[in-house]
Amino acid sequence: MTGARSPVAPVPYRVVGRREETADTVTLVLEPAGPSIPEPAPGQFTMMYAFGVGEVPISVSRTGRVLEQTVRAVGPVTRALCATRRGQVLGLRGPFGTGWALEAARGRDLVFAAGGIGLAPLRPAVLRALDEGAAFGRVAVLIGARTPADLPFAGELDEWRRRGAQVEVTVDRPGPGWTGHVGLITALAGAADIDPAGAAAFVCGPEIMMRLTAEALTGLGMDPGAVRLSMERNMHCGVGWCGHCQLGPLLICRDGPVVPYERAVPLMTVREL
Amino acid sequence: MDEVTADDLARERFFADVPDRHRAVLAPTARAVVVPDGHRFFEEGGRAEWFWLVRSGTVALDLQVPGRGAVVVETLPAGSVVGWSWLFPPHRWRFGAVAVGPVTAHRFEGPRVRELCAADPALGYDLALRFGAVMLDRLEATRVRVLDLYARPEQVP
Ligand SMILES: Cc1cc2nc3c(=O)[nH]c(=O)nc-3n(C[C@H](O)[C@H](O)[C@H](O)COP(=O)(O)OP(=O)(O)OC[C@H]3O[C@@H](n4cnc5c(N)ncnc54)[C@H](O)[C@@H]3O)c2cc1C
Ligand code: FES
């Protein structure tokens, strides 16, 4: 990043690649059109700006100078982002947030548990763990999806397996020809080939999924202090100014999105904060 | 089919903190079984006389849906208990169960376990609580799945 660029000014990035992950989810490969933002850490997010439409927080799904972000079209801004074509320019601010802090888990077995598009923020951490295989113990990636067709990054899961990860996928509704697991992701927790007592877990997905998965993992003997979740809240400024992303005492843009389970759970079960 | 010892049961999470004397009376009702891919453990409606503790592999629970064949409603990984219809009248299976790939399991004789439970209420209570906990887990998981977790809010009716 050049000089004293304002954290609220978007930096232009060009879409140099585009992959449709599922019917409503697209991965954009983004290259700086000039100066770049600082290289994001796994688990960090940017504020992605579709010019003329608006800006939303989106996690980085592959880190680096050329980075990837995976967007699910749910409303006006994400639809506009998903519709961008190669060669078009959009804006990025950031990177923001705490990230997964993978370093603290060195030497341990790792469990990554993802619900649907929750795999996007976990992907850079999975790739880092596989790149630095010797630094960690066994790696288990547990993924829950609505249907087989809703599984993001389906094309690279075999590559993760080949590189030593245990990858287990479960779906709520099997389609014809599906021979994998069917059921809630919590059922996969016990199938993870790791030593729970010494493992660290990284969980991302809908809040209920994260709560139940964390309960299942700690139920197997994992230390609650070794479980991290990634929380989502509406964001506006991304830099701790506006208060839009408040979750109790936390500002998710600044204190999150990755938070320790022990800190997140009491807040998740409060109806209105 | 091989005999199963109380020590074998102690190694299974489901029985881990069961008192030794209960494991000792349950073990003779169990046999270690190895079944091939596609083996059907039971059909919906059949008499429920067994339950299984899956040691390796996966068992799929299914329902026969007219026009769609056997639809898998859930798969049970290693460590799971398969079958509780043997415990409750009318002792008929509510689902079918089939091996997805080769499966090893401990297979227990339901009617004998019922007799043992009737003869020793402490064992009966302990086992009923354990099966109750499994059922509670599955009920909660089913309820959460009914919420359609991964749907967008506006997709949920
Ligand atoms: C830290 C952080 C990281 C994120 N990472 C990603 C990411 O990697 N990829 C990604 O696609 N999204 C991610 N999101 C969510 C994304 O920011 C929202 O989907 C986006 O803000 C929606 O904006 P919109 O204007 O398109 O839709 P809106 O008009 O704001 O919403 C349209 C409809 O979608 C619903 N909706 C909004 N957000 C979500 C959601 N997350 N899930 C389901 N329904 C939703 C709304 O309730 C509404 O019904 C992240 C959010 C946060 C806070
Ligand atoms: S988004 Fe403004 S304070 Fe967090």
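Buried here means under 20% relative accessible area, exposed means over 50%, and partly exposed is what falls in between. With that cut-off, A:Asp24 counts as buried because its relative accessibility is 18%. Keep in mind for every view that this is a predicted model.

**View 1. A:Asp24 and A:Arg72 meet in a salt bridge.** The two side chains come to 3.3 Å, N to O. A:Asp24 sits in the loop between strand 1 (11-22) and strand 2 (25-32) of chain A, while A:Arg72 belongs to strand 5 (residues 67-72) of that chain, so the bridge ties together parts that are 48 residues apart in sequence. While A:Asp24 is buried at 18%, A:Arg72 has 21% relative accessibility and therefore counts as partly exposed. A:Arg72 turns up again in the next view, as one of the closest residues to ligand 1.

**View 2. Ligand 1 lies between chains A and B.** There are 20 residues around ligand 1, and the closest are A:Pro57, A:Thr70, A:Arg72, A:Thr78 and A:Glu232. Look for three contacts here. In one, a side-chain N or O atom of A:Thr78 is 2.5 Å from an oxygen atom of the ligand. In another, a backbone N or O atom of A:Gly75 lies 3.2 Å from a ligand oxygen. A:Glu232 deals with a nitrogen instead: an N or O atom in its side chain is 3.0 Å from a nitrogen atom of ligand 1. Taken alone, the ligand exposes 920 Å², and the protein buries 73% of that.

**View 3. Salt bridges in chain B, and a network in chain A.** Across the whole structure, over all chains, there are 29 salt bridges. In chain B, B:Asp126 and B:Arg130 pair up at 3.0 Å, N to O. Both sit in helix 4 (residues 121-146) of chain B, and because they are four residues apart there, about one helical turn separates them. B:Asp126 and B:Arg130 are both buried. In chain A, bridges with shared partners join A:Arg19, A:Glu21, A:Arg62, A:Glu68, A:Arg123 and A:Glu156 into one network. Back in chain B, the side chains of B:Glu109 and B:Arg112 also form a salt bridge, at 3.9 Å, N to O. B:Glu109, at 26% relative accessibility, counts as partly exposed, and B:Arg112, at 35%, does too.

**View 4. A:Phe112 and A:Phe202 make an aromatic pair.** Searching the whole structure turns up 15 aromatic pairs over all chains. In this one the ring centres are 5.3 Å apart and the planes are at 20°, so the pair is stacked. A:Phe112 comes from strand 7 (residues 110-115) of chain A and A:Phe202 from strand 11 (residues 200-204) of chain A, so the pair ties together parts that are 90 residues apart in sequence. A:Phe112 and A:Phe202 are both buried.

**View 5. B:Phe14 and B:Phe15 belong to an aromatic cluster.** The centres of the B:Phe14 and B:Phe15 rings are 5.0 Å apart with the planes at 85°, so this pair is edge-to-face. B:Phe14 has 11% relative accessibility and so counts as buried; B:Phe15, at 1%, is buried as well. Ring pairs link these two with B:Phe51, B:Trp86, B:Phe108 and B:Phe131 in the cluster. For another ring in chain B, check B:Trp50: B:Arg107 lies over its face, at 3.6 Å from the ring centre.

**View 6. B:Thr75 reaches across to chain A.** A polar atom of the B:Thr75 side chain is 2.6 Å from the backbone nitrogen of A:Val182. B:Thr75 is part of strand 5 (residues 69-76) of chain B, and its relative accessible area is 4%, so B:Thr75 is buried.

**View 7. Some backbone oddities to zoom in on.** The peptide bond from A:Gly94 to A:Pro95 is cis, with omega near 0°, and A:Pro95 is in strand 6 (residues 89-96) of chain A. A cis bond also joins A:Gly256 and A:Pro257, where omega is about 5°; A:Pro257 falls in the loop between helix 6 (252-255) and strand 15 (258-260) of chain A. A:Ala101 isn't a glycine, yet has a positive phi of about 50°. A:Ala101 is found in the loop between strand 6 and strand 7 of chain A, and its relative accessible area is 30%, so A:Ala101 is partly exposed. B:His91, not a glycine either, has a positive phi of about 55° and lies in the loop between strand 6 (81-82) and strand 7 (96-109) of chain B.

Technical notes:
Residues numbered from 1 in each chain as written. Chains lettered and ligands numbered in written order. Predicted model: local features only at pLDDT ≥ 70, side-chain atom pairs only at ≥ 80, totals over all residues. Heavy atoms only, no water. Phe/Tyr/Trp six-rings, centres within 6.5 Å; stacked < 30°, edge-to-face > 60°. Helix = DSSP H or I, 4+ residues; strand = E, 2+ residues; numbered from the N terminus. Buried < 20%, exposed > 50% of the residue type's maximum accessible area, 1.4 Å probe, protein only. Lys NZ or Arg CZ within 6 Å of the ring centre and 35° of its normal. Near = heavy atom within 4 Å. Polar contact = N/O pair within 3.5 Å; in protein donor to acceptor, adjacent residues only side chain to side chain. Areas by Shrake-Rupley, 256 points an atom, 1.4 Å probe, with all protein chains shown as cover. Salt bridge = Lys/Arg side-chain N within 4 Å of Asp/Glu carboxyl O.
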